[in-house]
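The exercises below go through one structure piece by piece. Each has a task and a worked solution.

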Amino acid sequence: MTQVETDKLNELNAFMEQAVQNEHSDSYLIAVLHKVQQLYGYLPREVMDTVADKMQIPTAHIWGVATFYHYFNLSPIGKHTVSVCLGTACYVKGAEKVLDTVKKELKITVGQTTEDRLFTLQEARCLGACGIAPVMMIDDKIYGELDAKKTVDIINQYRKAEKQNAEKQS
Amino acid sequence: MADLRKDNNVKEVHYKLTLCDGPTCIHNQSKQLHQVLDAEIKNRGVQNVSIHLSGCLGMCKKGPILIVNPGYTMYGNVKAADIPEIVQSHLVEGKPVARLTIIEDHLYNRFFRIFGDVDFFGKQMRITLRNCGIIDPENIDDYLSVRGYEALAKVLTNMKPQDVIAEVKKSGLRGRGGAGFPTGLKWEFTAKAVNGDKYVICNADEGDPGAFMDRGTIEGDPHTVLEGMIIGGYAIGAKKGIVYIRAEYPLAIKRLEKAMDAARQCGFLGKNILGTDFSFDIEIRLGAGAFVCGEETALIHSIEGSRGMPRPRPPFPAVSGLFGKPTLINNVETWANIPVVILDGGDWFSSIGTETSKGTKVFALAGKVRNTGMVEVPMGTTLREIVYDIGGGIPNGKKLKAIQTGGPSGGCLPEQYLDTQIDYESLAKAGSIMGSGGMIVIDEDSCMVGLAKFFIEFTQDESCGKCTPCREGTKRMLEILTRITRGEGRPGDIEKLERLGGMIKKSSLCGLGQSAPNPVLSTIKNFRAEYEEHIHQKKCRAGQCAAMLSYTIGERCVGCGACKRVCPAGAIEGARKEKHVIDAAKCIRCGQCFDVCKFNAVSKA
Amino acid sequence: MVTPKDILRKKRAEAVNRIISKGYLSTKRVYVGMATCEIAAGSRDVMEVFRQAIANGLVDVYLSQKGCAGRCNLEPTVEVVEEGKIPVKYGRVTPERAREIVERHLKKGQVIAEWLI
Amino acid sequence: MAEQITIYINNKEYKVDPGQTIMQAADKLGFHIPRLCYHPKLSIEGACRVCIVEVEGARNYVASCAYPVANGMKIHTNSQELRQARRDIIELILDNHPLDCHVCERDGNCELQRLASSMGIRARHFQGERKVYDKDLSSEAVIRDPEKCILCGRCVRMCSEIQQVHNLTQAHRGFDTVVMPAYDMPMGESVCTACGQCINVCPTAAFLEKNYTQDLFQKLNDPNLIKVVQFAPSVRAAIGEAFGIEPGRNMEGELIAALRKLGFNYVFDTQFSADLTIMEEGSEFLERVQNNGKLPMITSCSSAWMKCLEQFYPDLIENVSTCKSPMSMQGALTKSYFAQKIGVDPKKILSVAAMCCTAKKYEAAREELLVDGMRGVDIVVTTREISWMIKSAGIDLLHIQPEEPDHPLGESSGAGAIFGVTGGVMEAAIRTAYELYTGQTLIDIELESIRGLKGIKEGKIDLDGKEIRVAVAHGLGNACKLLDTVRKDPERYHFIEIMGCPGGCIGGGGQPYAQANSIPLDEGALMKRAQALYDLDRGKTIRRSHDNPDVQKLYKEFLHSPLSKVSHKYLHTHYKAKLPKGIIPKNG
């Protein structure tokens, strides 16, 4: 195990140790899974096993919870997460077209990750930027007043940045 | 000061005067005042002034009330004799008449900085949002300076728990999460239940697509929610509160955490609050992306660390809630009203609004309307006032088609319902619901079948899967709607939708399922013709259902080739500088040619 | 006996003093909207412009943040409250506009009317 | 008792007890409200919505399984609108269900099918996308077929509430909800104990035992094989139900005759090795008591319990008897003692077991139980499978001439018979241990304190002034509760019997499906099956295992004495901790 991995596990274990001391410790499962996702980007199976053991919660229960909530990723995600807002305000202003454009451009559907592991596509229900609808969010940054062309341009910016990064490193 | 406008390099200050036109003010000759004011302004030839009448501003003892904006200067007990001075000094010379101004002691509106933005704010009344956009939400000092935690101090100093409940009952406040259950009664039930520990929960799992009132409230004024909860805990005898909030709201979570830390440091949270023997603390629990967790039993399961699936009621959470203990659940907006109810009194609160619905309601106004945003209006305000006066009407010269309230649980009201008042009963009677506060304005470019499909898609996606009607029924409804929008609708489909919708409404386990068919049923009721056109004539009048569209290039085409380049299907032919043609067989109706044409030569039908 | 009300009164007085000590009584007060929606529209960069301006020597200005007042389509919003003058609210403020507001309004006292809401 | 209240059902007035649900009240009044996800032993789910009724004043229909009666309540169970809603709900379930009833194993035994028929569904209005999933065939014992699942949640509740194995969960959500083990791992690799109770409570065919009937039919036709079968005590007490008769009739003789007609050359009775188990286990217990061995000693007959032990209670492995289960003892002897006796190569023997159990399929394949690299039992079929084979072969079980089992592995005492009921092993063991220890015959051999369906039962026996405290648990959930006590207080008991299934083997996961209008694992039916075995015991002249002449002969000819070296080779084994680790949550 690398140092990074050990650190992650230690942090998670410390978090769980605190949780199990509380009354109704089972109820902290979702908080623990949030922590796992924060550390690993998704919920790896071995880590869920660790959680089960430490929290004394049956793995089936954890799996039921992990799959119920759409916030949790069950497989590794891409470097950038593209969330297209499908809130009503965005829908009325053409969010479907934005989503279709992204799908076509990345050749994946919602919930999938591109082959190069650069992008994961997700839908969002209202990002709270209704004033500049339709919007999408890439990682933490919100892009508003989108149309097909603007959407593609934005995605290409990320691709270009990645390419430049790669060139720099090599 | 006389040359203030010049100094400020403002072209012209446009003064907007708001005259309270509530019953008490009318009794105090506000009508006469209006005439005098009008005459005086004309007399002195003051330009750029408009007079607005507002509903009761809730300050009857000091009426008639006149508010001058920009600046939000409030004059109270205004008499006809005062008018000339106000007009000359304030409107002409730019110098407010200090002698006549009043500083209101009510919590709401005191620091209401609407400035020049009178159109948007003029008809609003801000109770929930009283501090939003006013104070620094990350600084408890700001909250304290606007009488923050004073309601809590009042409660702890001279109110017994039952007094608090009585005050809430008196206020007529009803749950702002959607169903409108009387808040005071809910408190009373929970207070009466005896079963060891009790819990107070703030439901901040706002999930309606297009609704962001709760986020706005917490981000703008987190302490008011905490203060409401602490008061609730005191009233029902709970020691612990939980805020269940969407993980998708990181900023709101951060501000809430910061507010809790500050409140703890100041002794508003934790052991022996404000030196009394009342102890109460609050914990944050995150949701993880499940709309159904807004339903209270599902929310409880989620806090307990399980799949957020609802369970049959009774028993109600007031009797057996979190960890099987009596639990009081209210949503963010409801909690934010509590400090106002306590400080300004239940009587005052119940003077605002209609017979059955008291106080104000926050809406997230969005869609095809000029001013989108978060608005708060007194109950009884009409939809027309919100859309046209506050929202500024429909942009781009389009026609209003419908107003959607209540999100995926609500309905679509067509134009003839524009004068419907905002209150629980009137909206329900019109065929929609109050809901948690989403309000989407829809213009003629939106297809109502498509909109119904959008909402069913949402509920289908968010259905927890526990009960048959919602899990299987909404799926079938979605399939039928999908085929209608694809031009594959069959005769009898509308009846099938109605039959399924009716059954799902009456048979589902929880509120999500019970209200899931509403957007479909209300659009069928109000826009049946559109459904029929889709099914029988294969026509979408809004031009939104791609499968029924055909794109053609008209005479305006100059042969620039932009459409040809953008077409992903290679369906456009034409030599340079000659009129282009679309091959309907190849066309995939993506609409990119339509979007890209600078000469409006592409038309869709 | 000291009542909760008494305790609160004292706390409020302290709070107000703290706010004042941070420069609340400056001639100009600037409030930048900093809710999710405002940040999405770019208010962080706007805030940064004002912060920089103060760091670079702009005096007599009290800078604070605020939540969302509800004006979504005009965000980010910036309010400037000036002692003795009519307070104004700017809409759709970009960093460029913010720099202009600093230069013209905060430094020279000229309200930029066309950007007002 | 609180005062009765008045309710109205379909406009008629009734007096009922307060504090019950509408369904409970209606049941007693003769209104059978249709239902699907409800099971009296499980928590209230309220999910299927089939049991909805109309309550005047309520905005929507309410689920009668969950809604309490109240004074003056006006209930309608059969209005036109309600009937249509209920029918539409069943129709919606059917629309997401494979249309292959005629080739489905539960054809004729399916609750959904019965409901659809009684609702009068004759047309399909809402057909659309149907879920498509692969069958999970990984387990030796239990097949999972999510396509057939209607998400009533009974299996999940059974697995977690009654059995406390927590292997199954509903995963994902909405239309995509699927019942599965953690990580969608194959059943065969999961913590599933193979108890088969999910099959018992499933209203459709979403859970089934792995079916070996075709394989068996084929082998029965192989002239080179010597076909030997054994059958468990509770098979005889329940198989009649599969042929439409009331629970509680002992079909031993008829079953033996039918098995011979199916083509078995030798029909042995597992009750024989139940007696043998008592000899070994009783001796082991006395040895532990006398030589300060590990106590409490826990029985090892139940195969679901053994898997549960390895995964959930590895710390208690030393406490468990080293005896194999009666089935495996019988299998081992069939291929050794019996093979020698008839002078054939054991490889030529086909050893079959007809069991009330699904977990025995798993047990038969266990490596720990191989003797000289050979399985003792080659094929295990459940009561359901064997009854289907009998029907399929055209044998009229109900009107067949009863026959006797074969020797040398067929004779049994009454003690062997009651193995099939919870408490039976303990009772049988005490009958023998008492005599082995004290040298005196136990007079009062029917131990009432450890009979019945109470989850955990306790008793005391005086062995020559030494007090022996015993406990009995049935159903893995009760077992877990009992074992948690043991972990905390190891001194509390000396001897513990654990059966994995509710009621013991009579409630096994391989028993006949509930008949129409009855409930799976209905206590009344279980008690009748139990009574059949108690009657069998009472009707026997030999009621103590050590008095079984065939057992005595076996020791004389082959094993020499209990716990001998030969015994150990054929009849004993050792267990070890297994992954994945099972977790029982603190609150149960």
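**Exercise 1.** State which strands helix α6 of chain A lies across, and describe the sheet of chain A.

Solution. The model is a predicted one.
- Step 1: Helix α6, residues 95-106 of chain A, lies across β1, β2 and β3 of chain A. Its direction makes an angle of about 150 degrees with β1(A).
- Step 2: The strands of chain A form an open sheet of four, in the order β2-β1-β3-β4, and the pairing is mixed.
- Step 3: The edges are held by β2 (119-124) and β4 (141-143) of chain A. Each has a single partner strand, so one side of each is left without a neighbour in the sheet.
- Step 4: On average, neighbouring strands of this sheet are turned by 25 degrees against each other, direction ignored.
- Step 5: Within the sheet, β1 (residues 80-85) and β3 (residues 136-138) of chain A run antiparallel and are joined by three bridges. V82(A) has I138(A) in β3(A) as its bridge partner.

**Exercise 2.** Set out the elements and the overall dimensions of chain A.

Solution.
- Step 1: Count the elements: chain A has seven helices and four strands.
- Step 2: Read them from the N terminus on: the run is α-α-α-α-β-α-α-β-β-β-α.
- Step 3: Place a box along the principal axes: the C-alpha atoms of chain A fill roughly 50 × 45 × 25 Å.
- Step 4: Consider burial: of the 170 residues in chain A, 43% are buried.
- Step 5: Take the contacts in chain A with a separation of 6 or more: 59% of them are between residues 24 or more positions apart.

**Exercise 3.** Describe the sheet of chain B that has the order β10-β9-β13-β11-β12.

Solution.
- Step 1: This sheet of five strands is open, and its pairing is mixed.
- Step 2: Its edge strands are β10 (373-378) and β12 (411-414) of chain B, and each pairs on one side only.
- Step 3: From one strand to the next, the twist averages 30 degrees.
- Step 4: Take one pair inside the order: β9 (residues 360-367) and β13 (residues 438-443) of chain B pair in the parallel sense, over four bridges. In this pair, A366(B) stands opposite I440(B) in β13(B).

**Exercise 4.** Work out how helices α10 and α12 of chain B pack, and which residues meet.

Solution.
- Step 1: Two packed helices are described by the angle between their axes and the distance between the axes.
- Step 2: For α10 (residues 213-220) and α12 (residues 250-265) of chain B, the angle is about 35 degrees and the axes are 8 Å apart.
- Step 3: The crossing of α10(B) and α12(B) is left-handed.
- Step 4: From α10(B) come R215(B), I218(B) and E219(B), which meet L251(B), A252(B), R255(B) and L256(B) in α12(B).
- Step 5: By type, the residues of this contact divide into four nonpolar, no polar and three charged.

**Exercise 5.** Decide whether A252(B) is buried or exposed, and list its contacts.

Solution.
- Step 1: Locate the residue: A252(B) is in helix α12 of chain B.
- Step 2: Count its surroundings: 30 other C-beta atoms lie within 10 Å of A252(B). The cut-off for a buried residue is 20 or more, so A252(B) is buried.
- Step 3: Leave aside neighbours within four places in sequence: A252(B) is then in contact with R215(B), I218(B), E219(B) and I245(B).
- Step 4: A211(B) is 41 residues from A252(B) along the chain, and their C-alpha atoms are separated by 15 Å.

**Exercise 6.** Compare the span of helix α19 of chain B with the expected one.

Solution.
- Step 1: Helix α19 of chain B covers residues 468-485, which is 18 residues.
- Step 2: At 1.5 Å a residue, the expected span is 26 Å.
- Step 3: From first C-alpha to last, α19(B) reaches 25 Å, close to that value.
- Step 4: Of the 18 residues of α19(B), 15 are buried, so the helix is mostly covered.
- Step 5: After α19(B) comes G487(B), with a positive phi near 80 degrees.

**Exercise 7.** Describe how the chains touch.

Solution.
- Step 1: Five pairs of chains touch, and the most contacts are between chains B and C.
- Step 2: Chains C and D have no contact, and their closest C-alpha atoms lie 29 Å apart.
- Step 3: Chain D and chain A each give 15 residues to their contact.
- Step 4: On the side of chain D, strand β7 (residues 168-171) supplies the largest share, four residues. That side divides into seven nonpolar, five polar and three charged residues.

How values were computed
Residues numbered from 1 in each chain as written. Chains lettered and ligands numbered in written order. Predicted model: local features only at pLDDT ≥ 70, side-chain atom pairs only at ≥ 80, totals over all residues. Pairing = 2+ DSSP bridges. Helix = DSSP H or I, 4+ residues; strand = E, 2+ residues; numbered from the N terminus. Axes fitted to C-alpha atoms, helices over the stretch in contact; angles between N-to-C directions. Left-handed = near helix turned anticlockwise from the far one by under 90°. Contact = placed C-beta atoms within 7 Å. Nonpolar A, V, L, I, M, F, W, Y, C, P; charged D, E, K, R; others polar. Buried ≥ 20, exposed ≤ 12 C-beta atoms within 10 Å, placed from the backbone. Expected span 1.5 Å × (residues − 1).
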